[in-house]
Amino acid sequence: MKNMNWDDLRYFLSVTRTGSLTGSAAELQVSQSTVSRRITALEQDLNTPLFVRHATGYFLTDQGKNVLRKVSAVEDGITALQIELADLDASATGTVRLATPESLAVNMIIPALPEFISRYPKLRLEIISSIGVSDLSRYEADIALRLVRPQSGNLVMQRLGTMNSAIYGSTQYLKQHPAPANKPISGRSFIIWDRAYAHLPTANWLAQRGYDTSPALVTSSVAEQLAAAKSGIGLALLPAFLVANDTDMVEVIPSQHVFSEDLWLITHADLRTSLRVRAVSEFIKTVVGRYQPAFSDLA
């Protein structure tokens with residue numbers, strides 16, 4: 001293996017986050033051919049393909065994912081050093097608007113806010129939580145946590161890890177509705193999404209398997225589904241982090257037989273060097289890292 005040009009890693013990280021030469025060229029303010037040349041040079045230096053080239057974008061190979069994990073760790077270390085040297089705790093000021101699903105806001109981010117406020121006393125965090133997608137390109141938010149990767153916009157995207165989901169029921173419900181171990185759904189009903197949210201991955205998963213017929217309850221939020229499941233109304237498909245410390249909730253179908261979603265941390269490219277945005281981004285990554293194995297394959 002030849003000596004590696006470390007600057008090529010900057011291009012590698014950009015392509016992993018934008019998923020395309022076009023996005024990376026815009027982010028790095030260079031030509032697409034320059035990005036392509038630097039990626040090819042890095043692959044030659046490492047003697048391994050890092051991306052699968054496709055008409056819809058660049059996708060990491062298994063070797064590329066391994067390189068990403070290692071390079072991301074180095075990048076996080078450098079960022080932490082920059083934060084330390086910049087005395088970020090004391091100097092970060094202003095307001096940061098964070099768009100995030102309500103379940104993440106209520107159950108993960110807000111409980112950690114006292115720690116954040118203590119560390120960054122001059123920063124104010126505004127949380128926008130809804131099913132809808134705030135438009136970063138129009139600066140409706142500074143940072144977004146999303147389970148679907150945006151396909152357009154001058155954005156910097158970092159995959160934080162995988163959010164695992166599973167089928168859960170309360171001990172009360174499972175006792176009242178016994179089922180054979182090899183047929184854990186038999187005789188049991190689900191708490192499902194209202195038809196207005198049929199496009200959501202959880203709603204799709206239930207519908208494809210016919211679990212949305214004769215529902216125990218129809219709701220319009222994850223919080224309602226969790227509350228209903230805890231009350232013994234029926235089974236619910238929930239993110240694992242919601243019930244990580246709830247001994248009354250029992251996993252009926254494990255996450256490896258359900259589905260998982262990638263969690264993306266997204267910022268506008270113009271804000272990637274902002275001290276206040278970096279402070280909130282690092283805080284979010286730290287908080288997510290505490291919820292293993294509910295979040296796995298963390299970057």
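Two strands pair if DSSP finds at least two bridges between them. Strands (E, at least two residues) and helices (H or I, at least four) are DSSP runs, numbered from the N terminus.

These legends go with a predicted model, in which local features need pLDDT of at least 70 and side-chain atom pairs count only at pLDDT 80 or more, while totals for chains, interfaces and linings use all residues. Residues are numbered from 1 along each chain as its sequence is written, and side-chain values use heavy atoms, with hydrogens and water left out.

**View A. Strand β11 and its two partners.** Let us start at β11 (residues 260-268), where 7 of the 9 residues are buried. Buried here means under 20% relative accessible area, exposed means over 50%, and partly exposed is in between (1.4 Å probe, protein chains only). Strand β5 (residues 143-146) runs antiparallel to β11, joined by 4 bridges, and Arg146 stands opposite Trp264 of β11. Strand β6 (residues 155-170) also pairs with β11 in the antiparallel sense, over 9 bridges; here Leu155 has His268 as its bridge partner.

**View B. The buried face of helix α9.** In α9 (residues 201-208), look for the buried residues Thr202, Ala203, Trp205 and Leu206. Seen down the helix axis, the buried residues of α9 fall within an arc of 160°, so they line one face; the arc is that of the directions from the axis to the C-beta atoms. Their cover includes β6, β7 (191-193) and β9 (236-239), where contact means heavy atoms within 4.5 Å. Just after α9, Gly210 takes a positive phi of about 75°.

**View C. Aromatic pairs.** The structure holds 9 aromatic pairs. Rings of Phe, Tyr and Trp (its six-membered ring) pair if their centres lie within 6.5 Å; planes under 30 degrees apart count as stacked, over 60 as edge-to-face and the rest as tilted. Phe51 and Tyr58 form a tilted pair, 5.6 Å centre to centre with 55° between the planes, and both residues are buried. Phe116 and Phe283 are tilted too, at 4.8 Å and 50°. This pair links helix α7 (residues 113-119), home of Phe116, to helix α11 (residues 275-289), home of Phe283, across 167 residues. Phe12 joins Phe51 and Tyr58 in one aromatic cluster.

**View D. Around Thr162.** Thr162 is found in strand β6 and, at 12% relative accessibility, counts as buried. Its side chain makes a polar contact with that of Arg159 at 2.9 Å. A polar contact is a pair of N or O atoms within 3.5 Å; within protein, one must be able to donate a hydrogen and the other to accept it, and residues adjacent in sequence count only if both atoms are side-chain atoms. Leaving aside neighbours within four places in sequence, the contacts of Thr162 include Ser260, Asp262, Phe295 and Asp297.

**View E. Salt bridges.** A search of the whole structure finds 11 salt bridges, each a side-chain nitrogen of Lys or Arg within 4 Å of a carboxyl oxygen of Asp or Glu. Arg276 and Asp142 meet at 3.5 Å, N to O. Since Arg276 lies in helix α11 and Asp142 in the loop between β4 (123-128) and β5, the pair ties together parts 134 residues apart in sequence. Asp142 is buried at 9% relative accessibility, whereas Arg276 is partly exposed at 21%. Asp297 forms a salt bridge with Arg159, with the closest N and O atoms 2.9 Å apart.
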